[in-house]
Number of protein chains: 2
Amino acid sequence: MPKPTLVDVGREAGVSAITVSRALRSPEKVSEALRAKVEIAVKKLGYVPNQSASTLASNKSSSIVVMVPSISNNVFTDVLGGISDSLYGSRFNMQIGYTNYDSLEEERILRSFLNPTPSGVIISGIEQTPETKQMLENAGVPVVQIMDISEDPIDKIVGFSHDKAAETATQHLIDSGYKNIGFMGAQMDPRAQKRLAGFKKAIKANGELQEKSIAVTNKPSNVQLGGTLFGKLTSQFPECDAVLCNNDDLAIGVLFECQRRGIKVPEEFGICGFNDLGVSSETVPSVTSVSTNLREIGRLAGAMVIGKEDAPTDPIVDLSYHICVRESTRRS
Amino acid sequence: MPKPTLVDVGREAGVSAITVSRALRSPEKVSEALRAKVEIAVKKLGYVPNQSASTLASNKSSSIVVMVPSISNNVFTDVLGGISDSLYGSRFNMQIGYTNYDSLEEERILRSFLNPTPSGVIISGIEQTPETKQMLENAGVPVVQIMDISEDPIDKIVGFSHDKAAETATQHLIDSGYKNIGFMGAQMDPRAQKRLAGFKKAIKANGELQEKSIAVTNKPSNVQLGGTLFGKLTSQFPECDAVLCNNDDLAIGVLFECQRRGIKVPEEFGICGFNDLGVSSETVPSVTSVSTNLREIGRLAGAMVIGKEDAPTDPIVDLSYHICVRESTRRS
DNA sequence: ATCATAAATGATTGCGCAATCATTTTGCAA
DNA sequence: TTGCAAAATGATTGCGCAATCATTTATGAT
């Protein structure tokens, strides 16, 4: 038996197809009695709307397109979780695109996701290609950039300043009495570059920046890599006594490497992570990190893109950050 | 300017719309010259196919529906990564549904995702409702169950036996000389229940099972909870000298809690995790875990559902597991 | 009762594409 | 050349729904 359509439901309920459509989409526009009849018919036939037909007829899909660089990065799973929370129970569904940290891939995917026009777009970062920005502006739907902050968003933006966050974190290490602070980064995407810039700024404000104090790689971030980069950093910069890590994965990897080498944290070496991914607070010693409200970024972006009543009215939302000071930098 | 359609491309290229459609969908059926003309016209107009129209006309979408319990569980992000790898570059895209560990929610979501019919379905576990199974059988497309194993899949299945894995892991703890072994579990979904069953079986085979050796909760698994459950377990079962954890998160939480309490691992307490999520190998001491090929499960499921040439021919694929013995259980 | 107005419901049409069947062109053996 | 199959291309139609406009029915003031 073929899947029932609106016509079938209409026949069952003794009304026209378009009336059924209305009863389902805007129940306030039909009479109570009709709605009840339609509801019964829908249940009886097991009717499920055909999204494609609806999208084609209205030229508007009920998808919220979400563009993120990667699925395996905990940072983005947190954000996606927030968006998912926000959309739950609404009539919108998420369509996720993975750009693999590649702007052209992003443009390509987005182009296909924009036909037909979705109900909204959430996109990571502010470094889209000019073509991508143009496409998004022309789409005529809410666009929320996330993870970063800008005075001049495509439409709306929720995030925080990565360079300021890193600058503050670096200053915290300086204030904690560390003298030779290094920076360690993996997956050096534009936001990671900004964190590095913030680090450099803080160091320069307090003395001289040494190139050897920086160890970065474009490989994906993970705990093991933290240990590896620690080895690289301490061999090129032996006097190093603290490190700001681009991500908590690395920070935790550094902690474990210190434990393996018998280096005392925080006495001999200070560690500060980034994003406060949940494990940092549990390690022994616990690891200082920059908490960045990832889930909240997702939640707000979701609310803003579908125009929830509790969404912020300002198109620019700076969620800021705060340094969770823990044992790994508590020297005294 | 409105988005170009096949008709527009056809006009530009001097051919009919249907010919353009063919040139794009099955280029081997049209002449070389035509294909080139169409390609130029497509580029010039920036034509992007309208998925909805295509789906409606052919009554078949190019989506692969993937049903997973949760996005925030690392286990599933690994699996999703594998599926994503497998589908990359193909004409298929992923449509992800989050069931929140609820069979009825799963049924509801799936019902809406099956209209129009997708190109295939990947679904976690084997505990679908009868209605869900019926729907999937009727869909007439490849269905791959993942994460578990069964003699009687809906269509195909890729996974491993959770009870055997847990049984083997428990036996490993026994063989390592631990005498009072506990079990610790969070997010007690059906597969977690099977792991618990495997634990019980191994314990009973070597002596008597004590109810107090089990500490479980339905809360989502995380590192902090590992510490909490360790507290619960050791207070109800003080002679406990080793634990099998339902998930690596918990195992790592236990390790940290032992460090906080000054309990020596593995001498005084043995720890075995599950799923080998990547951090276990890096901690000090490193944590023994049951490696479960999560990414490979996803990769194979993707290959099987779209019928890649490198997909296994057998509909039942048992990927098994292996115990990664590390320092946390290496007593001697 | 009458009429004006609003509310409720219906008929028609087209969204962009692919399935189906029809037609034209090409290739090539006799 | 002729003929005929195969390849290439085209015309028509309908997928299921919602936008638009048309019609019917209910409501309520006079």
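**Two protein chains around DNA strands C and D**

Author: In this predicted model, helix H4 of chain B gives the most to the surface near DNA strand C, with 5 residues. H2 and H4 of chain A, together with H2 and H4 of chain B, each supply at least two residues of that surface.

Reader: Which residues come nearest to DNA strand C, and what share of its atoms within 4 Å of the protein belongs to sugar or phosphate?

Author: Of the 24 residues around DNA strand C, those that come nearest are A:Thr19, A:Arg22, B:Leu6, B:Ser21 and B:Tyr47. Sugar or phosphate holds 67% of the strand's atoms within 4 Å of the protein, and the rest belong to bases. By class, the surface near strand C has 13 nonpolar, 8 polar and 3 charged residues.

Reader: What makes the approach of B:Ser21 to a phosphate oxygen of DNA strand C a polar contact?

Author: A polar side-chain atom of B:Ser21 lies 2.5 Å from a phosphate oxygen of DNA strand C, and because the cut-off for a pair of N or O atoms is 3.5 Å, the pair qualifies. A polar backbone atom of A:Ser31, at 3.1 Å from a phosphate oxygen of DNA strand C, also falls within 3.5 Å. For a base oxygen of that strand, a backbone N or O atom of A:Ala57 lies 3.5 Å away.

Reader: Which residues are the closest to DNA strand D, and which helix gives the most to the surface near that strand?

Author: DNA strand D is surrounded by 24 residues, the closest being A:Leu6, A:Ser21, A:Tyr47, B:Thr19 and B:Arg22. Sugar and phosphate account for 67% of the atoms of strand D that come within 4 Å of the protein, and H4 of chain A gives the most to the surface near this strand, with 5 residues.

Reader: How do you know that B:Arg22 is in polar contact with a base nitrogen of DNA strand D?

Author: An N or O atom in the side chain of B:Arg22 is 2.8 Å from a base nitrogen of DNA strand D, and the limit is 3.5 Å, so the pair counts as a polar contact. Two phosphate oxygen pairs can be set beside it: a polar side-chain atom of A:Arg25 lies 3.2 Å from a phosphate oxygen of strand D, and a polar backbone atom of B:Ser16 is 3.1 Å from one.

Reader: Why is the pair of B:Glu282 and A:Arg260 called a salt bridge?

Author: The closest N and O atoms of B:Glu282 and A:Arg260 are 3.7 Å apart, and because a side-chain nitrogen of Arg within 4 Å of a carboxyl oxygen of Glu is what the term requires, the pair is a salt bridge. Between chain B and chain A the count is 2 salt bridges. The area buried between these chains is about 3,300 Å², of which carbon and sulfur atoms give 59%. In chain B, the residues that lose the most area to chain A are B:Val48, B:Asn115 and B:Glu282, together 18% of what that side buries.

Reader: What rotation superposes chain B on chain A, and how are the two copies thus related?

Author: Chain B is superposed on chain A by a rotation of 180° with 0.0 Å of shift along its axis, at an RMSD of 0.1 Å. The two copies are therefore related as by a two-fold rotation axis. The same surface serves both copies, with 100% of the contact residues of chain B recurring in chain A. The C-alpha of B:Ser52, at 2.2 Å, comes closest to the axis of the residues of chain B.

Terms used: Residues are numbered from 1 along each chain as its sequence is written. Chains are lettered from A and ligands numbered from 1 in the order in which they are written. This is a predicted model: local features need pLDDT of at least 70, side-chain atom pairs count only at pLDDT 80 or more; totals for chains, interfaces and linings use all residues. Side-chain values use heavy atoms; hydrogens and water are left out. A residue is near a molecule or strand if one of its heavy atoms lies within 4 Å of it. A polar contact is a pair of N or O atoms within 3.5 Å; within protein, one must be able to donate a hydrogen and the other to accept it, and residues adjacent in sequence count only if both atoms are side-chain atoms. Helices (H or I, at least four residues) and strands (E, at least two) are DSSP runs, numbered from the N terminus. Buried area is the accessible area (1.4 Å probe) that two parts lose on being put together, summed over both. Copies are superposed by least squares on the C-alpha atoms of residues with pLDDT of at least 70 in both. Contact means heavy atoms within 4.5 Å. Ala, Val, Leu, Ile, Met, Phe, Trp, Tyr, Cys and Pro count as nonpolar, Asp, Glu, Lys and Arg as charged, and the others, Gly among them, as polar.
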